[in-house]
Amino acid sequence: MGLESALEQDGFLTTRVDAVVNWARSNSLMPMPMGLACCAIEMMAFAAPKYDVARFGSEAMRFSPRQADLMIVAGWVSYKMAHAIRRIWDQMADPKWCIAMGACASSGGMHRCYGVVQGCDNFLPVDVYIAGCPPRPEAVIHALMDIQEKIRNQYSVAKDYAHGDRRPVVAPAQPRLLAPEGERLVTPENLYHQE
Amino acid sequence: MSDDARPANRTSTHETLNFHFTPVDPPKPEEGAINPHAKRTTHVPDVVAALKERFGADVHEVTLYANEHTVRVARERIVDIGRFLKEELGFTYFVDLGGIDRFTEEDRFEIFYNLVNIDAGKRLRLKIRVDEDEPVAPSVTGVWRAANWQERECWDMFGIRFEGHPDLRRMYMPEDFEYHPLRKEFPLLGIPGSLPLPPQAPDAPVSLDPFPAAHGSKPIKSYEEPETDLSEE
């Protein structure tokens with residue numbers, strides 16, 4: 001009889017700090033709505049009651065970069081605006097993530113011209129791209145779920161090892177997600193269908 | 001098919017659509033007839049006559065297309081003509097001003113002024129032409145203050161300077177931009193290196209390559225995630 005089953009009778013469970021921190025982070029993402037064009041309208045729908053992103057814990061849009069940890073670049077980015085966006089991104093506290101929403105933010109879209117940056121990944125580390133012009137709010141929710149999946153499979157406390165003593169390296173904490181077909185564990189490697 | 005013709009035991013699943021998919025063309029108007037779709041507000045022969053009487057040879061050209069009067073006037077007299085139109089003919093509403101690059105040898109640029117007389121419900125389009133060697137036009141901000149931003153835009157996009165403008169800065173492009181993008185010779189995708197991109201990292205210099213992502217640059221997040229070698233375990 002192990003420790004876990006002994007504690008279970010008293011209503012305790014054991015886990016790893018990484019798993020708990022990632023669980024909390026992924027379910028309380030605060031988006032910084034960088035609304036630049038028509039995609040911002042769909043982003044509003046994404047936050048509004050019909051699509052109700054509050055189910056995912058991300059309903060609190062934060063217009064202050066200090067309080068946000070997810071930047072949604074929604075719309076086309078001009079060269080003039082790009083500097084402001086990078087500055088806001090640098091002001092956001094770590095850890096932070098970025099979604100390029102729509103064709104224009106991902107690639108410049110139809111604005112193939114002198115004034116528009118051909119994709120905001122030219123100056124931002126984009127985590128998830130959303131296709132569409134503009135994307136449906138469901139697609140934005142899907143991107144948010146992808147970000148959550150990414151957070152749940154990354155280090156949270158283990159990264160402190162890089163600055164302190166060398167300690168035994170452990171695998172990143174992962175939620176024990178079982179695939180629908182059976183006992184297969186969902187890991188970052190087999191997260192997407194690779195039949 | 002009407003409802004009566006249908007057997008009684010069959011229920012209707014859709015309505016019959018009763019419209020023509022190809023509308024019949026209306027008869028062609030006779031020669032010289034006024035375009036029925038043209039707006040009456042843009043037909044202003046009395047204003048054109050008043051301008052011709054007052055300014056004579058400075059009215060260079062009057063055209064009527066689709067019932068719209070366009071008056072091309074001398075560049076030097078545009079302020080006088082504007083003041084006359086505003087104060088004596090009631091064109092108090094300055095709608096728009098913009099440039100046109102005709103890409104011709106002489107008188108390359110054209111500037112149009114859209115004016116409205118709100119009381120009479122009349123519209124007028126004025127035009128002047130400026131040459132490429134000396135792209136200077138008098139500013140009409142002294143007549144209509146609304147022309148301020150439009151003239152800044154025209155300076156930004158075509159490089160036409162407006163003499164007498166109180167604050168002739170660029171409207172859209174950064175202030176240190178060296179070109180005028182709506183000129184015909186300006187390439188559509190811009191000139192590489194003329195517009196800097198933001199830095200790829202918090203303390204890095206600005207990037208002059210317009211396509212760093214295509215050239216393999218990956219902007220970093222500000223924190224570093226440690227390398228993890230799982231084979232040690």
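**Entry 1. Strands 1 and 2 of chain A**

I began with the pairing of strand 1 and strand 2 of chain A, which run parallel and are joined by five bridges. The model is a predicted one, and I kept this in mind throughout. To fix one point of the pairing, I looked up A:M34 and found that its bridge partner in strand 2 of chain A is A:V73.

**Entry 2. The sheet of chain A**

I next asked in what order the four strands of the chain A sheet lie. The order is 1-2-3-4, the sheet is open, and the pairing is parallel. Strand 1 (31–35) and strand 4 of chain A stand at the edges; each has a single partner strand, so one side of each is left without a neighbour in the sheet. Ignoring direction, I noted an average turn of 15° between neighbouring strands of this sheet. I also recalled a general rule: in a regular strand the side chains alternate between the two faces of the sheet.

**Entry 3. Chain A along the sequence**

I counted six helices and four strands in chain A. Read along the sequence, they follow the pattern α-α-β-α-β-α-β-α-β-α. Chain A has 195 residues, of which 38% count as buried. I then looked at contacts in chain A with a separation of 6 or more: residues 24 or more positions apart account for 74% of them.

**Entry 4. Helix 6 of chain A**

How far apart are the end C-alpha atoms of helix 6 of chain A? This helix covers residues 137–152, and its 16 residues at 1.5 Å a residue should span 22 Å; the end C-alpha atoms are 23 Å apart, which agrees.

I then located helix 6 of chain A relative to the sheet. It lies across strand 2, strand 3 and strand 4 of chain A, and runs at about 170° to strand 4 of chain A. Its buried residues are A:P137, A:V140, A:A143, A:L144, A:I147, A:Q148, A:I151 and A:R152. The spacing of such a list can be read with a general rule: an α-helix has 3.6 residues a turn, so residues three or four places apart point the same way. The buried residues of helix 6 pack against helix 2 (17–26), helix 3 (39–47), strand 2 (70–74), strand 3 (97–101) and strand 4 (128–130) of chain A.

**Entry 5. The nonpolar cores**

Which residues have the most contacts inside the largest nonpolar core? They are A:M71, A:V73, A:V77, A:I99, A:A100 and A:M101, in a core of 45 residues. At least two residues of this core come from each of strand 1, helix 3, strand 2, helix 4 (79–91), strand 3, helix 5 (102–107), strand 4 and helix 6 of chain A. I also recorded a second, separate core of 29 residues, which includes B:I78, B:L97, B:A137 and B:M157.

Returning to the largest core, I looked up A:V77. Leaving aside its neighbours within four places in sequence, this residue is in contact with A:L36, A:A82, A:I85, A:A105, A:V116, A:V117 and A:C120.

**Entry 6. Two cis peptide bonds in chain A**

I found a cis peptide bond between A:D94 and A:P95, with omega about -10°. A:P95 lies in the loop between helix 4 and strand 3 of chain A. The peptide bond from A:C133 to A:P134 is also cis, with omega near -10°. A:P134 belongs to the loop between strand 4 and helix 6 of chain A.

**Entry 7. Strand pairs in chain B**

In chain B, I found that strand 2 (residues 68–73) and strand 5 (residues 122–130) pair in the parallel sense over three bridges. In this pair, B:V71 has B:L126 of strand 5 as its bridge partner. Strand 4 (residues 109–117) and strand 5 of chain B pair in the antiparallel sense over nine bridges. Here B:N114 stands opposite B:R125 in strand 5 of chain B. These two strands form a hairpin with four residues between them, and B:G121 takes a positive phi near 65° in it.

**Entry 8. Positive phi outside glycine**

Two residues of chain B remained to be looked up. B:A66 is not a glycine, yet its phi is positive, about 50°. B:A66 is found in the loop between strand 1 (59–65) and strand 2 of chain B. Is B:A66 buried or exposed? With 10 other C-beta atoms within 10 Å, B:A66 is exposed.

B:F103 is likewise not a glycine and has a positive phi of about 60°. I placed B:F103 in the loop between strand 3 (93–101) and strand 4 of chain B. B:F103 has 11 C-beta neighbours inside 10 Å and counts as exposed, the cut-off for exposed being 12 or fewer.

Conventions
Residues are numbered from 1 along each chain as its sequence is written. Chains are lettered from A and ligands numbered from 1 in the order in which they are written. This is a predicted model: local features need pLDDT of at least 70, side-chain atom pairs count only at pLDDT 80 or more; totals for chains, interfaces and linings use all residues. The expected span of a helix is 1.5 Å times one less than its number of residues. A residue is buried if 20 or more other C-beta atoms lie within 10 Å of its own, exposed if 12 or fewer, and partly exposed in between; C-beta atoms are placed from the backbone. Two residues are in contact if their C-beta atoms, placed from the backbone, lie within 7 Å. Two strands pair if DSSP finds at least two bridges between them. Axes are lines fitted to C-alpha atoms, for helices over the stretch in contact, and angles run from 0 to 180 degrees between N-to-C directions. A nonpolar core is a set of buried Ala, Val, Leu, Ile, Met, Phe, Trp, Tyr and Cys residues joined through C-beta atoms within 7 Å.
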